[in-house]
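Q: I would like a close look at one part of this model. Please treat the answer as a single connected account.

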Amino acid sequence: RYEPGTEHLVVGGDLFDVIRTDDGRLVVIVGDVVGHGLHAAASMGQLRSAARVLALVSAGPLEIIQGLEAFAGSAPGVMYATVACVSIERNGDGLYACAGHPYPIVVRSGGKSDLLVEGRSASLGVSDQPPTVAKVHIDEGDCLVLYTDGLVEHDGNDIDKGIQRLRDTLKHAGSTGELIDADAVVDSILGAATPRDDIVVVCVTRLDA
């Protein structure tokens with residue numbers, strides 16, 4: 001689900017992509033470029049294109065974030081962007097890396113959720129410290145949820161409270177036995193409110209072992 005944070009544009013600075021690589025991995029990328037409007041949209045397009053190319057030629061999330069760090073040095077509009085990247089093998093084994101981005105969430109059977117709090121580094125172009133990568137496993141029926149901060153900060157709450165509200169929403173959705181739907185998640189949290197920032201939510205459920 002993509003929800004622009006402006007009434008005048010249908011695109012902003014948030015991005016997502018889901019890529020199937022030649023070796024069978026599924027790569028999910030969500031990012032957030034600083035700013036709003038056409039300038040942010042242009043920078044978002046640059047970052048999304050670079051991320052897609054890197055996903056197709058890199059071994060995994062660590063190399064993707066490293067490549068985006070290098071790209072940010074030559075693309076000023078991409079500086080300070082945040083990115084989350086998760087790569088999942090056919091057997092459910094995965095790797096993830098986050099550059100300044102809110103924690104990905106894995107919703108387990110029955111609605112229990114895990115925050116993916118490792119594999120973290122600073123936003124693109126902020127630090128000389130190298131990015132890191134961490135492991136995750138997605139079981140059959142688990143749902144991986146990536147999102148941007150517009151979803152968890154839209155009502156003025158701090159991000160920790162927003163993430164907890166999102167987890168509560170996902171717990172309810174996951175306990176029904178139905179597939180978790182990004183539209184339903186966003187609508188449940190926003191209600192009738194108009195978002196003040198762009199929102200992206202990507203939900204990926206593993207159906208078969």
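Is T82 buried or exposed, and what is its relative accessible area? Please describe its surroundings, and then the open sheet formed by five strands.

A: The model is a predicted one, and the description below should be read accordingly. T82 has a relative accessible area of 12%. Because buried means under 20% relative accessible area, T82 is classed as buried. This residue belongs to strand β4, which covers residues 82–88. The side chain of T82 makes a polar contact of 2.8 Å with the side chain of H101. Leaving aside residues up to four places away in sequence, T82 touches V30, G31 and D32, as well as A99, G100 and H101, and also S123.

As for the open sheet, its five strands follow the order β1-β11-β10-β6-β7, with antiparallel pairing. Its edge strands are β1 (2–3) and β7 (113–115), each of which pairs on one side only. Strand β6, residues 105–107, runs antiparallel to β7 and is joined to it by three bridges. Within this pair of strands, V107 stands opposite S113 of β7.

Two helices may be placed relative to these strands. Helix α4, residues 159–174, packs on the sheet and touches β6, β7 and β10 (143–147). The direction of α4 makes about 25° with that of β6. Helix α5, residues 182–190, lies across β1 and β11 (199–205). With respect to β11, helix α5 runs at about 135°.

Notes:
Residues numbered from 1 in each chain as written. Predicted model: local features only at pLDDT ≥ 70, side-chain atom pairs only at ≥ 80, totals over all residues. Heavy atoms only, no water. Pairing = 2+ DSSP bridges. Helix = DSSP H or I, 4+ residues; strand = E, 2+ residues; numbered from the N terminus. Contact = heavy atoms within 4.5 Å. Axes fitted to C-alpha atoms, helices over the stretch in contact; angles between N-to-C directions. Buried < 20%, exposed > 50% of the residue type's maximum accessible area, 1.4 Å probe, protein only. Polar contact = N/O pair within 3.5 Å; in protein donor to acceptor, adjacent residues only side chain to side chain.
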